[in-house]
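Biologist: Got a minute to go through this model with me? I'd like to start with the charged residues and then look at the inside.

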Amino acid sequence: AYGSNAGFIVENHGIEFGLGETSPLARLYELDAKALLIGVGHANNTAIHLAEYRSVRSDKKSVKLGAPVLLDGVRKWIEFEDIEYNDSDFAQLGADFEADMQSVNIANIGSAESRMMPIRSLVDYAAAWMESHR
């Protein structure tokens, strides 16, 4: 993170539920920040994962994951709990968001089609969308 809110954005980022309520994504939501997709569409929009945590759905599952981390300079394998992500419908969700909300600015950055949108609007829309489409 960079800028005056960098500390707030990255502090207390827990290992468990890495894109959920203790993540930088949730802090960006609180700050009403914007997401910028350069040369990719909503299928690659990581901000939508926060909506997976927030949506109330019967298909949401917890899983045990693992990863190597450095603890006191020593590489160790740790296990942690998270949700099972499913980005298979992110492209459709994003297309519906663009059509319904009209809050996505689309322009080229160089030769890359790019999209900028408010994270808060996206996450709120996506959570409701998941509850009715998943």
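Biologist: Is Arg57 buried or exposed?
Modeller: Keep in mind that this is a predicted model. Arg57 counts as buried, because its relative accessible area is 13% and the cut-off for buried is under 20%.

Biologist: Which residue does Arg57 form a salt bridge with?
Modeller: That would be Asp59, and the closest N and O atoms are 2.7 Å apart. Asp59 itself is partly exposed, at 33% relative accessibility.

Biologist: How many salt bridges turn up in the whole structure?
Modeller: The search finds 7. One of them joins the side chains of Glu113 and Arg115, at 2.9 Å from N to O. Glu113 is partly exposed with a relative accessible area of 42%, whereas Arg115 is buried at 13%.

Biologist: And what does Arg134 pair with?
Modeller: Arg134 forms a salt bridge with Glu52, with 3.0 Å between the closest N and O atoms. This pair links distant parts of the chain: Glu52 sits in helix α3, Arg134 in the segment after α5, and they are 82 residues apart.

Biologist: Is Glu52 buried or exposed?
Modeller: Buried, with a relative accessible area of 0%. Its partner Arg134 is partly exposed, at 26%. There's also a network of salt bridges here, linking Glu52, Asp89 and Arg134.

Biologist: What about Glu84, where does that one lie?
Modeller: Glu84 is in the loop between β3 (74-83) and α4. Its relative accessible area is 43%, so it counts as partly exposed. Setting aside neighbours within four places in sequence, Glu84 is in contact with Glu52, Lys61 and Val63.

Biologist: How far apart are Glu84 and Ala6 in space?
Modeller: They're 28 Å apart, C-alpha to C-alpha, with their positions 78 residues apart in sequence.

Biologist: OK, switching to the inside. How many residues does the largest nonpolar core have?
Modeller: It has 23 residues, and the ones with the most contacts inside it are Ile48, Leu93, Met117 and Met130. The elements giving two or more residues to this core are α2, β1, α3, α4 and α5.

Biologist: Which element gives the most?
Modeller: α5 does, with 8 residues.

Biologist: So which residues of α5 are buried?
Modeller: Ile119, Leu122, Val123, Tyr125, Ala126, Ala127, Trp129 and Met130. Their cover includes α2 (24-30), β1 (34-38), α3 (48-54), α4 (90-101) and β5 (112-118).

Biologist: Does the length of α5 fit a regular helix, I mean, what should it span?
Modeller: At 1.5 Å a residue, its 15 residues (119-133) should span 21 Å. The end C-alpha atoms are 20 Å apart, which agrees.

Biologist: Back to Ile48 for a second. What is it in contact with?
Modeller: Leaving out neighbours within four places in sequence, Ile48 is in contact with His42, Phe90, Leu93, Leu122, Ala126 and Met130. Among these, Leu122, Ala126 and Met130 are buried residues of α5.

Biologist: Last topic, the surface. Which residues make the nonpolar patch?
Modeller: Leu36, Ile38, Ile109 and Met116 make a nonpolar surface patch of about 340 Å².

Biologist: Where does Met116 lie, and how accessible is it?
Modeller: Met116 is in strand β5. Its relative accessibility is 33%, so Met116 counts as partly exposed.

Definitions and conventions: Residues are numbered from 1 along each chain as its sequence is written. This is a predicted model: local features need pLDDT of at least 70, side-chain atom pairs count only at pLDDT 80 or more; totals for chains, interfaces and linings use all residues. Side-chain values use heavy atoms; hydrogens and water are left out. Helices (H or I, at least four residues) and strands (E, at least two) are DSSP runs, numbered from the N terminus. The expected span of a helix is 1.5 Å times one less than its number of residues. Buried means under 20% relative accessible area, exposed over 50%, partly exposed in between (1.4 Å probe, protein chains only). Contact means heavy atoms within 4.5 Å. Patches are made of residues with over 30% relative accessible area and no salt bridge: like charges are joined within 9 Å, nonpolar side chains (Val, Leu, Ile, Met, Phe, Trp, Tyr) within 5 Å. Accessible areas come from the Shrake-Rupley method with a 1.4 Å probe; for residues, only the protein chains shown count as cover. A salt bridge is a side-chain nitrogen of Lys or Arg within 4 Å of a carboxyl oxygen of Asp or Glu. A nonpolar core is a set of buried Ala, Val, Leu, Ile, Met, Phe, Trp, Tyr and Cys residues joined through side-chain atoms within 4.5 Å.
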